[in-house]
Every structure is written in structure tokens, then in C-alpha cells.
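Subject: Structure handover

Hello,

Here is the structure you are taking over. Please open it first, then read the notes below it.

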Amino acid sequence: GADTDGPNVWYSWTGTGDDVTLSTIAAGFTLDTDIIVFTGTSGALTAIAGGYDEGGAPLYQSEATFTSVLGTDYLIAVDGYGATDFGTFQLTMTCVSPPPVNDECSGAIAVALGADTAFDNTGATDSGVATCY
């Protein structure tokens, strides 16, 4: 699995509550990488996600996915696989809102007659009407 025993560099980011994917899988780059995502502070880190070789042979680039917590600070280590793995890489971060709890009909939220309630369908998927009947 992913580890930090190779030459590494660090990045930081504050969570938005989104599902996050970090990737070094990119054309034109050949560094064999690991990605490790941590919470905590230097000296007291907890690994919460990691990626190693998701890009497959021959480049062995990495990808890590996790659900962030709004306001939580994350430290991200990208390192070469081995002690002599130095080079350039591209780090891409994508964020997608997680589906709401009522994304599927089995999670339907009750509404009250006469209630004016604001709702949000950000991150919702197409469940297909037929699955609810």
C-alpha cells in the first residue's frame, strides 16, 4: 500500500464536505507515486486515505479518494515509490458533492402538508422512477 518511505512533498487543503479524488495519473508524466491523505498535525498524523499503483503498469501512478469533512484540514503527501524515485508529476484534485440522504426512494424524506421547506438536490443521481414503484 501507500507509504511515505520515498522522497515526498506535502500539500494542504481544507475540506468542503465533498467526495474528493486526488490523482497523479496523467499523460506525459512517468514518476511512480504514492498519495497519502492525513488529518492531524505534524507529529500526530492519522492516515485517512491512500493510493498506490491505481494507474497500473508500466507507470504505476496513484489515485486516492475520500469524503472530506467541512472545515477539516488535510495534509497530502505525494512521494516517489522508492528512495530513488524522483521526478515531475501532476497532481489533480476533483471534488463532487456527495448524494443527498434521500437520493434513492428508500431514503425519502417526509414532508408535512402546508410546510414551506427548502430542499437541495445537489449531488443527486438519476434513480430511475421505475425503481420506486
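One term first: two strands count as paired if DSSP finds at least two bridges between them. With that in hand, take β3 and β4, which run antiparallel and are joined by 8 bridges. In this pairing, isoleucine 35 stands opposite glycine 51 in β4.

Please keep in mind that this is a predicted model.

**Overall picture**

The protein chain has 133 residues, and 24% of them count as buried. Its secondary structure comes to 0 helices and 7 strands. Read along the sequence, the pattern is β-β-β-β-β-β-β. The chain exposes about 8,100 Å². Carbon and sulfur atoms supply 56% of that area. Now consider contacts between residues at least 6 apart in sequence: 75% of them join residues at least 24 apart.

**The sheet of four strands**

Which strands form it, and in what order? The sheet is open, has 4 strands and follows the order β1-β6-β3-β4. Its pairing is antiparallel. The edges are held by β1 and β4 (44–52). Each has a single partner strand, so one side of each is left without a neighbour in the sheet. On average, neighbouring strands here are turned by 25° against each other, direction ignored.

Strand β3 covers residues 33–41, and β6 covers residues 73–80. The two run antiparallel and are joined by 6 bridges. Within that pairing, isoleucine 36 stands opposite alanine 77 in β6.

β3 and β4 also form a hairpin, with 2 residues between the strands. Look at glycine 43 there: it takes a positive phi near 95°.

**The sheet of three strands**

This one is open too, with 3 strands in the order β5-β2-β7. The pairing is again antiparallel. β5 (63–67) and β7 (92–96) are the edge strands, and each pairs on one side only. Neighbouring strands of this sheet are turned by 15° against each other on average, direction ignored.

Strand β2 spans residues 19–23. β2 and β7 pair in the antiparallel sense over 5 bridges. One residue pair to find on screen is threonine 21 and its bridge partner in β7, threonine 94.

**Aspartate 18**

Go next to the loop between β1 (8–14) and β2, where aspartate 18 is found. Is aspartate 18 buried or exposed? Its relative accessibility is 17%, so it counts as buried, the cut-off being under 20%.

What does aspartate 18 touch, leaving aside its neighbours within four places in sequence? The contacts are Phe66, Thr67, Ser68, Cys95, Val96, Ser97 and Pro98. Valine 96 is 78 residues away from aspartate 18 in sequence, yet their C-alpha atoms are 5.5 Å apart. The side chain of aspartate 18 also makes a polar contact with the side chain of threonine 16, at 3.0 Å.

**Aromatic rings**

The structure holds 4 aromatic pairs. One of them joins phenylalanine 66 and tyrosine 74, with ring centres 5.1 Å apart. Their planes stand at 50°, so the pair is tilted. Phenylalanine 66 counts as buried at 6% relative accessibility. Tyrosine 74 is buried as well, with a relative accessible area of 3%. Ring pairs link Trp13, Phe66 and Tyr74 into a cluster.

**After β7**

Two residues deserve a look in the segment after β7.

Aspartate 103 lies in this segment. Aspartate 103 is buried, with a relative accessible area of 13%. Leaving aside its neighbours within four places in sequence, aspartate 103 is in contact with Ala124, Thr125 and Ser127.

Cysteine 105 is in the segment after β7 as well. Cysteine 105 is partly exposed, with a relative accessible area of 35%. Serine 127 is 22 residues away from cysteine 105 along the chain, and their C-alpha atoms are separated by 7.9 Å.

Best wishes

Key:
Residues are numbered from 1 along each chain as its sequence is written. This is a predicted model: local features need pLDDT of at least 70, side-chain atom pairs count only at pLDDT 80 or more; totals for chains, interfaces and linings use all residues. Side-chain values use heavy atoms; hydrogens and water are left out. Axes are lines fitted to C-alpha atoms, for helices over the stretch in contact, and angles run from 0 to 180 degrees between N-to-C directions. Buried means under 20% relative accessible area, exposed over 50%, partly exposed in between (1.4 Å probe, protein chains only). Contact means heavy atoms within 4.5 Å. Accessible areas come from the Shrake-Rupley method with a 1.4 Å probe; for residues, only the protein chains shown count as cover. A polar contact is a pair of N or O atoms within 3.5 Å; within protein, one must be able to donate a hydrogen and the other to accept it, and residues adjacent in sequence count only if both atoms are side-chain atoms. Rings of Phe, Tyr and Trp (its six-membered ring) pair if their centres lie within 6.5 Å; planes under 30 degrees apart count as stacked, over 60 as edge-to-face and the rest as tilted.
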